[in-house]
Amino acid sequence: MGNTDSKLNFRKAVIQLTSKTQPVEADDESFWERLWGCGIEGSGGPLSPADVFALVPASEVRSLREENPQTLATLLYKAVQRLVRAVHSSCRTHTEQDTVLNCVRLLTRILPHVFEDSDWRGFFWSGLPTPSGRSATDDGEEEDSVPLAQSLVDAICDLLFCPDFTVAAGRRVGPDKAEDLQNLDSCEYIWESGVGFASSPPRLAQHDANRTELLKLLLTCFGETMYLPPPRHSTPRETSSSPDCSRGTPVSTCGPAALRNRWVRLFTCGSNRHALPAFTSLLNVVCAYDPSASPLPYNHLLFSDTREPLADTCLQCLVVCLDPYYCAQPNCRCSMGGCTGSFSEDGSSRKEQGEVRSHGGCCEDNLFLNYLSRIHREEDFAFMLKGFARLLNNPLAQTYLPNSTRKVHFHQELLVLFWKACDYNKKFLYYVLKSSDVLDILVPILYHLNDARADQSRVGLMHIGVFILLLLSGERNFGVRLNKPYTATVPMDVPVFTGTHADLLITVFHKIITTGHQRLQPLFDCLLTILVNVSPYLKTISMVGSTKLVHLLEAFATPWFLFSSPSHHHLLFFLLEIFNNIIQYQFDGNSNLVYTIIRKRQVFHALASLPSDPTSISRSLTRSNTMSRSSSSTNVSSSPPVPHSSSAPVTHPRKQRSPTSPVTTPTMDGDSVPLPQVNEDGEVRNVDESMEGSIPAAPAEPGTLKATLADTPGIENMTERESAHPSASQLKELTDGKIEDLELDSGQSEITSNSSLPKPSIDIDDTSAKKPSVGESSATPFRRNASQRHSIRQRETHSLGGGAGGGGDGSGGGPWVATPEWVQSWKSKLPLQTIMRLLQVLVPQVEKICIDKGLTDEGEILRFLQHGTLVGLLPVPHPILIRKYQANRGTTAWFRTYVWGVIYLRNVDPPIWYDTDVKLFEIQRV
């Protein structure tokens, strides 16, 4: 009954606020105290967040904003003022704590509707009212005024470390005297042990709930980003000089991107004295959370877990605060210069530790990025990696009792945090790859990739998983770790095989390419680039994996596929490079792949004699058009055309593809026919049988909400090619002491003695190779300077056949059409020499053995190939080129849009941003 009265009183107060006939004055303290205190004195207790959202309809908030803006401004000011007063009084009583929670819930409800109106976004950045009623700016006191936003963020930060409210009190100073929050050393009150904090503070459910609500309000403030349109990539000429982002100046083009979040900057800059304990608290809560800590089955159905929503909200706040483009330029007036903290215990300087400077944005002002890049202790890395592995594998856990353990659902945000940790802290990346623990990250990523391949609402999850694997594949250790045998612990919708984690990687990628929906086609280049990067280190590929690789080549080598787009032949180059790497550097252990290549030798011969005359091109495209119509009439799985940027590796069918392309040919229903699966006879075949107990990948349920994503950059914009061993001239530079231009990679000596590593393709003097770094082998990767990287990109473009040489570019000169000159431009560069030489040597030997011994069992042939050798028979080994991920504006913008789309869709209790006019992305129904 008391709770019902509380709701009624609160509703009456809301009606009085929105009423035009009863304006509420700012000095009417009795009304404001009655509003903040609704439900506190009643027997029902304070209102819940769901109650506040139900009793304050969105329509009334908008009406208040449009028709009575003065009352809304007063409401916001009084709510922030009440939080500041609570900080000054140390929030010592239960009544005051409940009042704070009511203010927090009301602000969380109102702020999204404030941000959706562009005229209101500067409100929080104006000066506070003076006693005379005018703003400080009007009185000429701009330099001394404090924006309302800063007062709000400071109050939230102080309350996050308030004894007896969000943290356990460390010491008692008397019943009538509490600790001063403004002078409190919050480093003593970090929420969880882990990185930078060894003590284990007590856990109280009420503290977790209070922290969660404060972080929800903080996340709501950060959510202003969602109401700003995606920024265009401005040129230096378009970039403004030095806007002042702390005074409400429109945020447009300061920095590398037009989007900068002033709220995030306030929370992560040097003016926030709680930045370090806040960062470590958020990170430690996430990495220490164990959903299945209780040994009792079904405990999550019997007891509520306040730790999961706290970990979920901490994770979302953390990934938002680690955006590099949310900080200011060094010459911007809003730069606080507070990034010179001493988080690194080894005393290293910013030049040594500040890796964040190389990520396309200024991160000098973002202490969260600075702290993340400076973590260096192995026990901290072990804590983080263990937490990532535990939470990522949680949804995959199998138990005898179905649904007996708690399953977390924040794997998307967790993958983003893992990505940022690896990208900004290379020492953590090297630690992850130092042992086979990286496979505990790989398996759940592959599981989610395989499970989401048919669901268009989870295309963002597919991208982040592929991006992480692309980042990992740029390091040699990752390829070596893939040779560990794989034991199936989770039923996956992939063929049954006995092999290594490399086979699992190949099989899942094959599934994505052949059975995924069409919106995944821009990822094909990324998938094959990952396989190219790891291929020189794969000691043994199973028959299943070998068959999948050759099948991809068979499908991509069909003339109608190659002639249907100006970029399809790039996929062919990637696959041939995979085969060449394995043959040249890992021939001895890959008899399965060699045998499969021999069996499918007609594919390579057909590729070498690919017709390039106009008649053959026209005939191939005509055949593809017939196949496409046949497939659409038999309802072969189809999906909408791929929306992506012009720089994506697979071009838009309406712009640059031939109208007769079978890969993305629109059907009568507007759908597209995916890449067919081809068997030995060239016919479309069914998918292999999957593991027993696995659940096939299913499309999204009709009506499922999804957020649109930014354009995916092309692979040429995301990677740079780096040689795995230096040339003679570069070795001379090394021996001459010019090491600074080559910037030797660290952390690679761990695997130099591994027998699976390829031998250098050039003669290297041992003494000169060891001179740059003790323990480094001659095959240590190196990084080229800017001029060398530019020349590599040019050579790679030419090696893939250059630009499109067809009859049109698809943008203004009509549809693109393949021409004989264009086909010949890349056909002559196909790297077929190694494979053709292998076939020339081994095919006669295999045929002779089969005839002489009457062999019909492939096992005997495999044993012969295992003991064979091609030493001295193959062409000179080519240098290993690794395509490493390079940060760029495109991927940063993509991550920002993806993260906020996930946060929007997952915050449904309460629905903070539901039914508001977001502009960063669109919400669509599948």
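Colleague: How many helices and strands make up the secondary structure of the protein?

Modeller: The secondary structure of this predicted model comes to 36 helices and four strands. Of the 926 residues in the protein, 57% are buried. Among contacts between residues at least 6 apart in sequence, 80% join residues at least 24 apart.

Colleague: What is the average pLDDT of the protein, and where does pLDDT stay under 50?

Modeller: Where pLDDT is low, the predicted coordinates should not be read in detail. Here the protein averages a pLDDT of 76, and 69% of the residues score at least 70. Residues 233–259 stay under 50, and the model has 63 contacts for them beyond four places in sequence. Residues 733–799 also have a pLDDT below 50, with 118 contacts in the model beyond near neighbours in sequence.

Colleague: I should next like to understand the salt bridges. What is the count by the rule applied here?

Modeller: Side chains of opposite charge can pair when their charged atoms come close. In this model the count comes to 34 salt bridges. One of them joins D451 and R458, at 3.0 Å from N to O. D451 is partly exposed, with a relative accessible area of 23%, and R458 is also partly exposed, at 22%.

Colleague: Which residue forms a salt bridge with R453, and are the two buried or exposed?

Modeller: The partner of R453 is D493, and their closest N and O atoms are 2.8 Å apart. This pair links distant parts of the chain, 40 residues apart: R453 lies in the loop between helix 18 (439–452) and helix 19 (459–473), whereas D493 lies in the loop between helix 20 (476–481) and helix 21 (501–515). Both R453 and D493 are buried.

Colleague: Where in the structure do K600 and E554 lie?

Modeller: K600 lies in the loop between helix 26 (591–599) and helix 27 (601–608), and E554 lies in helix 23 (residues 543–556), so their pairing ties together parts that are 46 residues apart in sequence. The side chains of K600 and E554 form a salt bridge of 3.4 Å, N to O, and both residues are buried. Elsewhere, a network of salt bridges links R62, R65, E66, E116 and D117.

Colleague: How should the packing of two helices be read, and at what angle do helix 22 and helix 25 pack?

Modeller: Two packed helices are described by the angle between their axes and the distance between the axes. For helix 22 (residues 524–534) and helix 25 (residues 568–585), the angle is about 15° and the axes are 9 Å apart. Angles under 35 degrees count as roughly parallel, and helix 22 and helix 25 are therefore roughly parallel to each other. Their crossing is left-handed. The contact involves F524, D525, L528, T529, L531 and V532 of helix 22, and L571, F574, L575, E577, I578 and N581 of helix 25.

Colleague: Finally, the backbone. Which peptide bond is cis, and what is the phi of S90?

Modeller: Most residues other than glycine have a negative phi, and most peptide bonds are trans. In this model the peptide bond from D909 to P910 is cis, with omega near 0°. P910 lies in the loop between helix 36 (889–906) and strand 4 (923–925). S90 has a positive phi, near 65°, and lies in the loop between helix 5 (69–88) and helix 6 (94–115). C91, in the loop between helix 5 and helix 6, has a positive phi of about 45° although it is not a glycine. S90 counts as buried at 5% relative accessibility, and C91 counts as buried at 0%.

Notes:
Residues are numbered from 1 along each chain as its sequence is written. Side-chain values use heavy atoms; hydrogens and water are left out. pLDDT is the predictor's confidence in each residue, from 0 to 100. Contact means heavy atoms within 4.5 Å. A salt bridge is a side-chain nitrogen of Lys or Arg within 4 Å of a carboxyl oxygen of Asp or Glu. Buried means under 20% relative accessible area, exposed over 50%, partly exposed in between (1.4 Å probe, protein chains only). Axes are lines fitted to C-alpha atoms, for helices over the stretch in contact, and angles run from 0 to 180 degrees between N-to-C directions. Angles under 35 degrees count as roughly parallel, over 145 as roughly antiparallel, 65 to 115 as roughly perpendicular and the rest as oblique. A crossing is left-handed if the near helix is turned anticlockwise from the far one by less than a right angle, and right-handed if clockwise.
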